[in-house]
Amino acid sequence: MAGTKPRDSQKQRLYDAQRLAGFYSVGETMTIKEAQKFVNQVLSHKRTRTLFNQYRFEFGTYPSKILVEAGSGNHATIRTRNWQTVRLIRLNKWGRNKFIVLHEIAHHITWGRESHGAEFADVLLQFTNRYLGKPDADKLANAFNEKRVRVMSKSKKA
């Protein structure tokens, strides 16, 4: 059907893998201001733009700015405010750690694709390696394998 989002077939497996790897309680809790600074840092790296260009939706534009705000949920959204399109990440108190922020940025990088699909999992794994380190990326990769989460490889085959 035109205009509908792709099916999110591996959402629960991906969440289970993140839990198995211990990423729901990793790192220190950040303030909204610290989370915004971290988002800006991630978006300023050339590798983030490269990942966006690799996985972007046909008519997508690079999210040069994503606003972080406190919220009751933990999610990436695109909203219109004052007739301007704004990309947002809303974080509740328990979601204010670097991994959760990386998870939400990955949604903006792969916007228009399956929300927790193979492309998303690849971006999240690469972000984890770059910003949290290889040991954490290895934990996540092992958990993805155990929970059968598809990850797009560099050859673009799941």
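How exposed is Arg-113, in terms of relative accessibility? Arg-113 comes in at 32%, so it counts as partly exposed; that label covers the range between buried (under 20% relative accessible area) and exposed (over 50%), worked out with a 1.4 Å probe on protein chains only.

A quick note before the close-ups. This is a predicted model, so local features need pLDDT of at least 70 and side-chain atom pairs count only at pLDDT 80 or more, while totals for chains, interfaces and linings use all residues. Residues are numbered from 1 along each chain as its sequence is written, and side-chain values use heavy atoms, with hydrogens and water left out.

**View 1. Arg-113 pairs up with Glu-119.** Their side chains meet in a salt bridge at 3.8 Å, N to O; the term means a side-chain nitrogen of Lys or Arg within 4 Å of a carboxyl oxygen of Asp or Glu. Glu-119 has 14% relative accessibility, so this partner counts as buried. Searching the whole structure turns up 6 salt bridges, and two others get their own views below, starting with the one between Asp-16 and Arg-19.

**View 2. Asp-16 and Arg-19 meet within helix H1.** The salt bridge here spans 3.6 Å, N to O. Both residues belong to H1 (residues 11–20) and sit 3 residues apart, about one turn of the helix. Helices here are DSSP runs of H or I, at least four residues long, numbered from the N terminus. Asp-16 is partly exposed at 26% relative accessibility, whereas Arg-19 is exposed, with a relative accessible area of 51%.

**View 3. Asp-136 and Lys-139 form a salt bridge in helix H6.** Look for 3.5 Å between N and O. The two residues are 3 apart in H6 (residues 134–146), so about one helical turn separates them. Asp-136 is buried, with a relative accessible area of 17%, while Lys-139 counts as partly exposed at 40%.

**View 4. Val-101 sits buried in helix H4.** This helix runs over residues 98–109, and Val-101 has a relative accessible area of just 1%. Leaving aside residues up to four places away in sequence, Val-101 touches Met-30, Ala-35, Phe-38, Val-39, Ile-89 and Leu-91, where contact means heavy atoms within 4.5 Å. For a distance across the sequence, try Val-68: Val-101 and Val-68 are 33 residues apart along the chain and 9.2 Å apart in space, C-alpha to C-alpha.
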